[in-house]
Amino acid sequence: MKQTLYLIRHCQATGQAPEAPLTPEGERQAVALAAALAPFAIEQIVSSPYMRATQSVTPLAELLDLPIHTDARLVERVLSGAPIDDWVNALRATFDDV
């Protein structure tokens, strides 16, 4: 039996905190994502429990009438215990020096 896994990143969010919601642009991206994935035979949706992740797949779940299953193993790794202004470069550095 062939299975296909679609791995997506959350849409644009207001920040990196677990409770950070999508921006208005992120909400538009989520709707576009739902439209793009709707034609595929998706049978299950699994998401990080972070708000931005579940909000990213909510339009798809509603369109396909599927529940969203959350899995804590999908949360982002903690880059720092304190806010980092230049978090993109700090994140990139973790891949340069594993």
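In this predicted model, the side chain of Arg 52 makes a polar contact with the side chain of His 10, at 3.3 Å. A second partner for the arginine comes from the backbone: the oxygen of Ala 17 lies 2.6 Å from a polar atom of the Arg 52 side chain. Arg 52 belongs to helix α2, and with a relative accessible area of 0% it is buried. That value is under the 20% cut-off, so Arg 52 counts as buried even though arginine is classed among the charged residues. Its surroundings can be listed in full once neighbours within four places in sequence are set aside: His 10, Ala 13, Gly 15, Gln 16, Ala 17, Pro 18, Ala 20, Leu 22 and Glu 76 are in contact with Arg 52.

Helix α2 also holds Ser 56, another buried residue, with a relative accessible area of 1%. Here the polar partner is a backbone nitrogen, that of Cys 11, which lies 2.8 Å from a polar atom of the Ser 56 side chain. Not counting residues up to four places away in sequence, Ser 56 touches His 10, Cys 11, Leu 22, Ala 30 and Leu 33. His 10 and Leu 22 thus appear in the contact lists of both Arg 52 and Ser 56.

Leu 33 leads on to the nonpolar interior. The largest nonpolar core has 8 residues in all, namely Leu 33, Ala 34, Leu 37, Ile 42, Ile 45, Val 57, Leu 60 and Ala 61. Helices α1 (24–37) and α2 each supply at least two residues of this core. Within it, Leu 37 is in contact with Ile 42 and Leu 60, leaving aside its neighbours within four places in sequence. In soluble globular proteins, nonpolar side chains tend to be buried together.

Turning to open space, the largest pocket holds about 1,600 Å³. Its lining consists of 42 residues, and Leu 7, Ile 8, Arg 9, Ser 48 and Leu 74 lie nearest the pocket's centre. The elements giving two or more residues to this lining are β1 (45–47), α2 (51–64) and α3 (87–96). Of these, α2 gives the most, with 5 residues. By residue class, the lining divides into 26 nonpolar, 10 polar and 6 charged residues.

Strand β1 includes Val 46, which counts as partly exposed at 43% relative accessibility. Leaving aside neighbours within four places in sequence, Val 46 is in contact with His 69, Asp 71 and Leu 74. Leu 74 is also one of the residues nearest the centre of the largest pocket. Val 46 and Pro 67, 21 residues apart in sequence, have C-alpha atoms 8.8 Å apart in space.

Taken as a whole, the protein has 3 helices and 2 strands, and its elements run α-β-α-β-α from the N terminus on. The C-alpha atoms fill a box of roughly 40 × 35 × 20 Å along the principal axes. Of the 98 residues, 23% count as buried, Arg 52 and Ser 56 being among them. Among contacts between residues at least 6 apart in sequence, 47% join residues at least 24 apart. The contact between Arg 52 and His 10 and the one between Ser 56 and Cys 11 bring helix α2 back into view: this helix holds both Arg 52 and Ser 56, supplies at least two residues of the largest nonpolar core, and gives the most to the lining of the largest pocket.

Terms used:
Residues are numbered from 1 along each chain as its sequence is written. This is a predicted model: local features need pLDDT of at least 70, side-chain atom pairs count only at pLDDT 80 or more; totals for chains, interfaces and linings use all residues. Side-chain values use heavy atoms; hydrogens and water are left out. On a 1 Å grid over the protein atoms alone, a cavity is a set of points where a 1.4 Å probe fits but cannot get out, and a pocket is an open set with protein on both sides within 12 Å along at least five of seven lines; lining residues have an atom within 4 Å of a point. Grid points are joined across faces, edges and corners, and a volume is the space filled by probe spheres set on the points. Helices (H or I, at least four residues) and strands (E, at least two) are DSSP runs, numbered from the N terminus. Buried means under 20% relative accessible area, exposed over 50%, partly exposed in between (1.4 Å probe, protein chains only). A polar contact is a pair of N or O atoms within 3.5 Å; within protein, one must be able to donate a hydrogen and the other to accept it, and residues adjacent in sequence count only if both atoms are side-chain atoms. Contact means heavy atoms within 4.5 Å. A nonpolar core is a set of buried Ala, Val, Leu, Ile, Met, Phe, Trp, Tyr and Cys residues joined through side-chain atoms within 4.5 Å.
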